[in-house]
2 protein chains.
Amino acid sequence: MTAFTLLATSGSARRGSLRLTHGVVETPQFMPVGTGGTVKALTPRDLRELGAQIILANTYHLWLRPGRETLVALGGLHRFMAWDRPILTDSGGFQVFSLESRRTLDDDGVTFRSHLDGSAHRFTPEGVVAFQEALGVDVAMALDVCVKQPATDEAVEASVRRTTLWARRAAAAWQHGPTALFGIVQGGTDERQRARSVAEITALDFPGYAIGGLSVGETRDEMVRVARSTAALLPADRPRYLMGVGTVRDLIAAIDCGIDMFDCVYPTRAGRHGRAITRGGEFNVRNAAFGRDARPLDPDCACAVCATHSRAYLSHLFRSDELLGLHLLSYHNLAVLAALMHDARAAIAAGRWDEFRDTIVEGVAR
Amino acid sequence: MTAFTLLATSGSARRGSLRLTHGVVETPQFMPVGTGGTVKALTPRDLRELGAQIILANTYHLWLRPGRETLVALGGLHRFMAWDRPILTDSGGFQVFSLESRRTLDDDGVTFRSHLDGSAHRFTPEGVVAFQEALGVDVAMALDVCVKQPATDEAVEASVRRTTLWARRAAAAWQHGPTALFGIVQGGTDERQRARSVAEITALDFPGYAIGGLSVGETRDEMVRVARSTAALLPADRPRYLMGVGTVRDLIAAIDCGIDMFDCVYPTRAGRHGRAITRGGEFNVRNAAFGRDARPLDPDCACAVCATHSRAYLSHLFRSDELLGLHLLSYHNLAVLAALMHDARAAIAAGRWDEFRDTIVEGVAR
């Protein structure tokens, strides 16, 4: 069902194509985050216009609300949210990290106390695969244990051990149907633990691999170092997904590590806070300097927002707490990352990745 | 510049066409409200799709933020908000009512203390016309004195007297350029004061007339009675605009009074509160009954939201406080009113208004 084709490489960057049940994903690809079955403030049509080929949703959040029965009764997650292109769901492993105070962990699984009503929810590797398969998503993620940084050696070792234990059970539970299952590599910032995790997880022969446990408190240099060394150990014929990365310079660095897929709440969250992304950096549209600025958010952006609206109008909307501002800036920010991925794919295909990378990195630093 | 053509009548309902600087408005017409230069949660493209032919903005709010200088520097309100069809701006007279505690009134004008920062802003009939002309809107409204109900005879008399005084000054200040100027009739629920106001305001020969001072605390029966008797006194060859009316049954009643134009925050505000409008009434999508309801919001609605999303999905979005819900329900609610106006126009043109009216009224009551 899932087929990854490596189309080209340029330096250490990869240009690929991932065939999933609901369509083909060109890589490198950034996945907009729709945690609760909606990419915040954007319609499915907006996402199609933005060229999104795959979006991300979250098992923990959908499990709690609206819940499996509702999602199944409504025909699965695609029909529920009216999105007919691929969907990848994270497993709840990130919430092991982000909701540390609301969960208890043991070798068999994790129990969350709902952030909504305090009710208990037991997540096991098998249950989480079954949930994602019931939703009919294109890519399910195996339940993992994401550990925050800085972490003790013991904590990293425990997370690697449990992640492998759970990945084996997830692989055994997986139906090999329309939903693909990706394994997740952990190991914190410890290269030896990363290497061990890669060996144990890739031994299970998943159709794709994620690098988890980064963007969780380590420095940026550590993140890039670990992503690079870990990616180098992953099989070349499978897609590589770096979880939680999404700024312009981090995406460029990660593509340079040979990574193919990314997700992050950053572009939409920044947009809801009035921050406009450009390849050269970000700025807050509320700033007084933009009050009468007739230029588009980003003169180099071809998106519908930049073709239509001025910085002054966006500034007005945010200063007035107008909902339209949240929509327009979320749209623009995703457009910037989509165009960045598009141009990165073209540069890799043309064999001029290093030049493209250096141009972007210089632009960010300027 | 402004030309109103009465195309057909059926019973007391009117089918007309109003030519303005930025386009033609078919009447009866409902004007979505974009107080601060944005119809909340909707893009200009959404509004075009919804068939909106004219939208409303507000002098008081735009005066305070972003202010005249910014709006002029950005090329006027149309360019500022990227809307190329007609715009009508209310004069600030409604804020004489709604911001009673923040204003002082005298024969020369009204001084508001800004609800944003407490700063003082002096509105005179001449200044308000000049502001709206500087913005380049299609229809400016004369500054009036809107009085809340129930009101004493003295308060009603004073509001009629000042409204006429100010209308004369507005008419004298008006440039007769691309911005048309409409007069506003006051008089509370007092038929004699209404008749006096109509006589005094229509003597000034405005290209259109609004009935103000309704939907401000009086009963619905009083509203319809006054709208009917006042409309009957207005010249047949000018458009009639009933300010602040927007529910399905009030719109039908008002069209039946011979009124042509309407505005109300109701459809978008209800939408932001999770209330879906249909011709048969409204319901709150958060209601548990809709949690697994696969039907569209309104099976009789042809809008993009009803073509795409289920009640269950809308219910999920509102229970999860997701921004997309505010957008989708605002869109749908405006679509219902736009379709109602479309069908009303067709019914009047076909000479079967009474039948159409009765069908809608029975549907609402059911």
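In the predicted model, chain B can be laid on chain A with an RMSD of 0.0 Å. The operation is a turn of 180° with a shift of 0.0 Å along the axis. The two copies are thus related as by a two-fold rotation axis. In general, two copies of a chain are related by a rotation about an axis and a shift along it. Both copies use the same surface, since 100% of the contact residues of chain B recur in chain A. Within chain B, the residue that comes closest to the rotation axis is L323(B). Its C-alpha lies at 4.1 Å from that axis.

Chain B contains an open sheet of three strands. Their order is β7-β8-β9, and the pairing is antiparallel. Strands β7 and β9 of chain B form the edges, each pairing on one side only. Strand β9(B) covers residues 120-123. On average, neighbouring strands of this sheet are turned by 15° against each other, direction ignored. Strands of a sheet pair through backbone hydrogen bonds, in either the parallel or the antiparallel sense.

The pairing of β7(B) with β8(B) can be followed residue by residue. Strand β7(B) spans residues 103-106, and strand β8(B) spans residues 109-113. Four bridges hold the pair in the antiparallel sense. A hairpin of two residues joins β7(B) to β8(B). Across the pair, T104(B) stands opposite T111(B) of β8(B). L105(B) stands opposite V110(B), also in β8(B).

A helix packs on these two strands. Helix α7 of chain B, residues 153-173, lies across β7(B) and β8(B). The helix runs at about 80° to β7(B).

In chain A, the loop before α7 was examined at one residue. Q149(A) sits between β10 and α7 of chain A. There, β10(A) comprises residues 139-141 and α7(A) residues 153-173. Is Q149(A) buried or exposed? Q149(A) has a relative accessible area of 12%. The limit for a buried residue is under 20%, so Q149(A) counts as buried.

The surroundings of Q149(A) include a polar neighbour in the backbone. A polar atom of the Q149(A) side chain lies 3.4 Å from the backbone nitrogen of A151(A). Leaving aside residues up to four places away in sequence, Q149(A) touches G188(A) and T189(A). The same list of contacts includes V216(A), G217(A) and E218(A).

Conventions
Residues numbered from 1 in each chain as written. Chains lettered and ligands numbered in written order. Predicted model: local features only at pLDDT ≥ 70, side-chain atom pairs only at ≥ 80, totals over all residues. Heavy atoms only, no water. Pairing = 2+ DSSP bridges. Least-squares fit on C-alpha atoms with pLDDT ≥ 70 in both. Contact = heavy atoms within 4.5 Å. Axes fitted to C-alpha atoms, helices over the stretch in contact; angles between N-to-C directions. Buried < 20%, exposed > 50% of the residue type's maximum accessible area, 1.4 Å probe, protein only. Polar contact = N/O pair within 3.5 Å; in protein donor to acceptor, adjacent residues only side chain to side chain.
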